[in-house]
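Let's take a stroll through a structure together. Keep the picture open beside the text and look up each place as it comes along.

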Number of protein chains: 2
Amino acid sequence: MAPATLKDVAKRCGVSLATASRALNNRSEVSPVTRAKVLKAAEEMGYVPSSLAKGLWSGETKVIGVLITTIVNPFYANVVSGIEKALKDYGYNILLCSSYEEVDQEWASLTVLLEQRVDGLILAPVQSKPEVVERLQKNNVPFVLVGRSIPGIDTSYVVCDDYKVGLMAGEHLLERGHKRVLFINSSRNYSAELRLKGFTATMQRHGIEIGPEWVKIVTPEKTAKHCLSEALDQGLNPSAVFCFCDCMVLDVLSALKERGLKVPGDIAVMGVDNLSVTEITEPPLTTIDIQNFEMGIRSAEIILRKLQKPGAKHEHIVLQPTLVKRDST
Amino acid sequence: MAPATLKDVAKRCGVSLATASRALNNRSEVSPVTRAKVLKAAEEMGYVPSSLAKGLWSGETKVIGVLITTIVNPFYANVVSGIEKALKDYGYNILLCSSYEEVDQEWASLTVLLEQRVDGLILAPVQSKPEVVERLQKNNVPFVLVGRSIPGIDTSYVVCDDYKVGLMAGEHLLERGHKRVLFINSSRNYSAELRLKGFTATMQRHGIEIGPEWVKIVTPEKTAKHCLSEALDQGLNPSAVFCFCDCMVLDVLSALKERGLKVPGDIAVMGVDNLSVTEITEPPLTTIDIQNFEMGIRSAEIILRKLQKPGAKHEHIVLQPTLVKRDST
DNA sequence: TAATTAACCGTAAACGTTTACGTGTTAAGT
DNA sequence: ACTTAACACGTAAACGTTTACGGTTAATTA
């Protein structure tokens, strides 16, 4: 009951494998009448060519690996959607893997993607360490980092200007009079570092030191909600919370609700990503738009270019963030 | 610069292909010293076995195709996340395709998935027509429908009790005194039909006829926002809107905001899916929980069982919806 | 008429694995 | 000293494609 093969089709028409293959691939060396016969037989038998065999022969699978933290985060859903859109017209498909922000899981996913011989790879690396990238370079597979780059290593990447993100958040919150700001950050990746740097530098320029107790880090075990609770229980009394991404803001928002704290009356909050939900929360959320969908598009386009010209230079795309002022600050 | 093959590894160790293969697969017919030599060489050369070749030989790819409408809808993001979780421990991976609710796109994606020789398929069919399912049956690939079944055809599926969803919505809205309810529905799939039936039957039981002008259908070209505008411009004056899913509710919500209509004061709204955002919108949204994540888990489990016992009976899982009363009604 | 060419088609090798089968060596049993 | 068994390893076929190469026929040219 295995699927019909080219051999089956050929046999049924009484032609050779080669002829059947040529007929199906619209090559000229086959007579019109034979071609029609083969096409008809293939159609009737529900013949679907095997990408495995084709890939083994041609060395390309028409599959692009995508490795993100989790598709449940709408930021990545948007990125993946952008990737999908850009790849569709070129016949490429997506093999999706998630790291859940865990190094081991990322490594394992990478193994899978390499085994599947993906033609290219788009990934948001978990850490800002070189191992993962070195592995890809060693395996000679075209790849692009998306959302996060890695300092000191030359790769293609599509990111936003993360330092500026931190800077914009700092300036905005200062403008609104906030001096005690809790920063709930993501773990270990370079974007998180840059946003923190941009933020602290800006606050410092206005004479405000951000001590380590004002920076909490979300991990797979410790949600943004936990971070907030921890801060409040430590008696920190922030007047505003700045989160690495809108997802964390949503988490914080429900925590504040539970505690009966009003936003922005008792405490202000803002995030990054400009997820569509931020328009319709109560209150609508101030956030920073970093062009999620566009990031997906651009990274896919880079991969497509790399596939066309294998020797091409690395491309570095830095998208500009824009502040979206709403009512939560 | 192609990736190292088993042949390369074997040559470097001065052993045959067969021995190298056996060493890497931990078979007993190879001496400890040879095995160590092979493993070391493979490690050094960054050898990664080709799933293509392995798949061609074994007939299984360790890949499950997932065909949904779009990953941007958090409902499907949750479903996919559930699938991923259930598959992970068994070494299966996800090839993701989107139909965007278009029949042609669905058909094309299916071709790709069959070409890739996925071991199994989880899909949310666009229409409640048999073509797609017949194709899969003809190609003899195990599959499960998720979220939507197809009437009159025996397949495995994981759905919620859609008739009951419609019924619950109807009863809840009646209870809140709404008699003029606009139903913004999804297009052409059986779940949409069932929810509509459950809804209209319930309203009818209370003496309220739902004329066709009270049912609007969202298509790729016509968003929920359009549907609402159309209804209001037709002078329909609904006191409540029931949407096929929360995504549509969010869309409606922003449309109402633009028009300056208050929820639930001027008009009530409710949806289905219990997306996490519905807790924190203003107002928090009444919705119906249909266990999104669980749907993913269950459908993946069915596929896993089918892969173990190819001859097994179809499984039909109907999850129970629960009404989540919040402030939008 | 003989030689050339075009049109069509088949044979076989290759892609990277796995395993059935065969072969040679050594150790144990008679 | 001869048989047997166990062990370690190699050879080759198979999975489903594509294409280089060669061959046969018929049509064209000299």
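What follows goes from the domains to the strands, then to the contact between chains and to the DNA. Keep in mind that this is a predicted model.

Start with the layout of chain A. Its parts are domain 1 (6-49), domain 2 (61-160 + 292-319) and domain 3 (162-289). Notice that domain 2 of chain A is written as two stretches, 61-160 and 292-319. How many Å separate the centres of domain 1 and domain 3 of chain A? Taken over C-alpha atoms, the answer is 63 Å.

Now zoom in on some strands of chain A. Strand β3 covers residues 120-123, and its side chains take two directions: A:Gly120 and A:Ile122 point one way, while A:Leu121 and A:Leu123 point the other way. Are these four residues buried or exposed? They are all buried.

β3(A) has partners, too. Strand β1 (residues 63-68) of chain A runs parallel to β3(A), with 4 bridges joining them, and A:Leu67 has A:Leu123 as its bridge partner there. Strand β4 (residues 143-146) of chain A is also parallel to β3(A), this time through 3 bridges, and here A:Leu121 is partnered by A:Phe143. To get from β3(A) to β4(A), the chain passes through α7(A), making a right-handed β-α-β crossover.

Another group of strands involves β10 (residues 286-289) of chain A. On one hand, β10(A) is parallel to strand β9 (residues 268-272) of chain A, and A:Val272 sits opposite A:Ile288. On the other hand, β10(A) runs antiparallel to strand β12 (residues 322-324) of chain A, where A:Thr322 is the bridge partner of A:Asp289.

Here are the strand pairs side by side:

| Strand pair | Direction | Bridges |
|---|---|---|
| β1(A) and β3(A) | parallel | 4 bridges |
| β3(A) and β4(A) | parallel | 3 bridges |
| β9(A) and β10(A) | parallel | 3 bridges |
| β10(A) and β12(A) | antiparallel | 3 bridges |
| β2(A) and β2(B) | antiparallel | 3 bridges |

In the loop between β9 and β10 of chain A you'll find A:Ser276. Why does A:Ser276 count as partly exposed? Because it has 17 other C-beta atoms within 10 Å, and a buried residue would need 20 or more, an exposed one 12 or fewer. Measuring from C-alpha to C-alpha, A:Ser276 is 19 Å in space from A:Leu319, and the two are 43 residues apart in sequence.

Next, see how the chains meet. Chain A brings 45 residues to the contact, and chain B brings 45 residues. On the chain A side, the elements giving two or more residues include α5 (74-88), α6 (103-115) and α11 (246-259). That side is made up of 23 nonpolar, 16 polar and 6 charged residues. A strand pair also links the chains: in the pairing of β2(A) with β2(B), A:Leu95 stands opposite B:Leu95.

Finally, the DNA. Around DNA strand C there are 26 residues, and those that come nearest include A:Ser16, B:Leu6 and B:Ala53. Chain A gives two or more residues from each of α2 (17-24) and α4 (51-58), and chain B from each of α1 (6-13), α2 (17-24) and α4 (51-58). Which residues come nearest to DNA strand D? They are A:Leu6, A:Ala18, A:Ala53, B:Ser16 and B:Ala18, out of 26 around that strand. For DNA strand D, α1, α2 and α4 of chain A take part, along with α2 and α4 of chain B. The surface near DNA strand D has 14 nonpolar, 8 polar and 4 charged residues.

Notes. Residues are numbered from 1 along each chain as its sequence is written. Chains are lettered from A and ligands numbered from 1 in the order in which they are written. This is a predicted model: local features need pLDDT of at least 70, side-chain atom pairs count only at pLDDT 80 or more; totals for chains, interfaces and linings use all residues. A residue is near a molecule or strand if its C-beta atom, placed from the backbone, lies within 6 Å of it. Domain bounds come from an automatic or database domain assignment. Two strands pair if DSSP finds at least two bridges between them. Two residues are in contact if their C-beta atoms, placed from the backbone, lie within 7 Å. Ala, Val, Leu, Ile, Met, Phe, Trp, Tyr, Cys and Pro count as nonpolar, Asp, Glu, Lys and Arg as charged, and the others, Gly among them, as polar. A crossover is right-handed if, with the strands pointing away from the viewer, the path from the first strand over the helix to the second runs clockwise.
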